[in-house]
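Open your viewer and get the selection box ready. We will take a short walk from one helix to its packing partner, and then on to a cavity.

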Amino acid sequence: MRVVGLLSGTSVDAIDVAAADVSVEVGEDCAVGLRLLGHAEQPWPPGLAERILAVLPPATTTAAQLCALDNDIGRAFGAAAVTAIGSLAGGSADLVASLGQTVFHDIDGGVCRGTLQLGQPAWIAEATGLPVVSDLRAADVAAGGHGAPLASTLDALWLAGPGGPRAALNLGGIANVTVVYGPGEPVLAFDTGPGNCLLDLAAARATGRRFDAGGSVAASGRVDGDLLRRLRAHPYFALPAPKSTGRELFGQDYLDRAPAGHVDGPDLLATLTELTASTVADALAPYAVTEVVVSGGGVRNPTLLAALRRLLPGPVWSISDERGLPAEAKEAYLVALLGALSWLGLPGTVPGHGGRTATGAAHPTVLGRHTPATTPASRPAQPAPARLTLTVREPATGTGGRTAATR
């Protein structure tokens, strides 16, 4: 099937879209084919990204604001899908898969209690006339998992093979890794901590821009060892996998609790770059990986990549493009794959360790919920119901009275 995948990451930079032909050979040895058709970044409508950022933790919000955002994000995703079908998918597709926009990820005592992604799928179905698979994390959370990182499903299929173990590293707002062994073997997947999210906060404060382009400001600064030690002391970094996190933990409050004092501008960005690199390196060091394949927005930050290579010099470092998946679109292609698996009723998670999935769930789950297509051809041929017959079952009286009546 031809699938369009949609998502917006933690950094809320843009709507990432990708189109792919997904083939699945169902059976005991299930084989998956992913033919990449193209990808793009669609800009947010004016003001919408700022409205999303304004409700992210530690901000508070209202039900009215969340309702408006859910529908406005859905409309924006619908428009992005229409554009992608025309420009990337050759004018037609069979399915749209949407990961949505995460606005809250509820972790309590190392357990994921719930997760909230906005982007009402009915708008996408209405705009495209196609069925939509959305809400891809919730079923995994209900089964005891973290609902993240779902990239482990694609990584396990993509990187397994001789010469491992290998690691896939995604440098989004939050950084996550998947450690992959041989084909069919359990994988390990977890969020390591902050990726670009703290860098973006510091860049906005220092330069007024949304991010530090190319890591140039950080490259001109000096790492403050004292601040770095305070930031690294957070207990999340010592938790065992599987684990997940978000802006709820690593946002402005996190920086405020480890006051930077005199550290600002380039020095703060340099220190936060070292924080991301050192926590990723520490997370991967125990697994003696032979290669680290990097994707996500962080690949455009040579200062961050240089720090990673310096702190973890053992493995070969490569960009996902070298293995066929564009670094900036890997997660959008992942969403397309997960959507196809869901549509076919196949699990969207892979085995982890200890008898659980890579996300920590007690069992594999079919991910997502389905919104029907809205084209005239897909609409019911029969009219809406016009009459109702109601049968009421009455309590047993022991007197031989009626047990049911039709009215």
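Here are the stops, one selection at a time.

This is a predicted model, in which local features need pLDDT of at least 70, side-chain atom pairs count only at pLDDT 80 or more, and totals for chains, interfaces and linings use all residues. Numbering starts from 1 along each chain as its sequence is written, and side-chain values use heavy atoms, with hydrogens and water left out.

**Stop one: α6.** Select residues 197–207, helix α6 (a DSSP run of H or I, at least four residues; helices and strands, E runs of at least two, are numbered from the N terminus). Its buried residues (under 20% relative accessible area, 1.4 Å probe, protein chains only) are C197, L198, L199, D200, A202 and A203. Now show β8 (174–180), β9 (188–194), α9 (252–257) and α10 (265–284), which are among what covers them. Just past the helix, G208 has a positive phi of about 80°.

**Stop two: α10.** Keep α6 and α10 on screen: they pack at about 175°, axes 9 Å apart. They are therefore roughly antiparallel (over 145 degrees between N-to-C directions). In contact (heavy atoms within 4.5 Å) are residues including L198 and R205 of α6 and L268 and T273 of α10.

**Stop three: the cavity.** Finish by selecting D16, V17, H39, A40, E41, E328, A329 and A332, which line the largest cavity (points on a 1 Å grid where a 1.4 Å probe fits but cannot get out; lining residues have an atom within 4 Å of a point). β3 gives the most to this lining, with three residues.

Definitions and conventions. Buried means under 20% relative accessible area, exposed over 50%, partly exposed in between (1.4 Å probe, protein chains only). On a 1 Å grid over the protein atoms alone, a cavity is a set of points where a 1.4 Å probe fits but cannot get out, and a pocket is an open set with protein on both sides within 12 Å along at least five of seven lines; lining residues have an atom within 4 Å of a point. Axes are lines fitted to C-alpha atoms, for helices over the stretch in contact, and angles run from 0 to 180 degrees between N-to-C directions. Angles under 35 degrees count as roughly parallel, over 145 as roughly antiparallel, 65 to 115 as roughly perpendicular and the rest as oblique.
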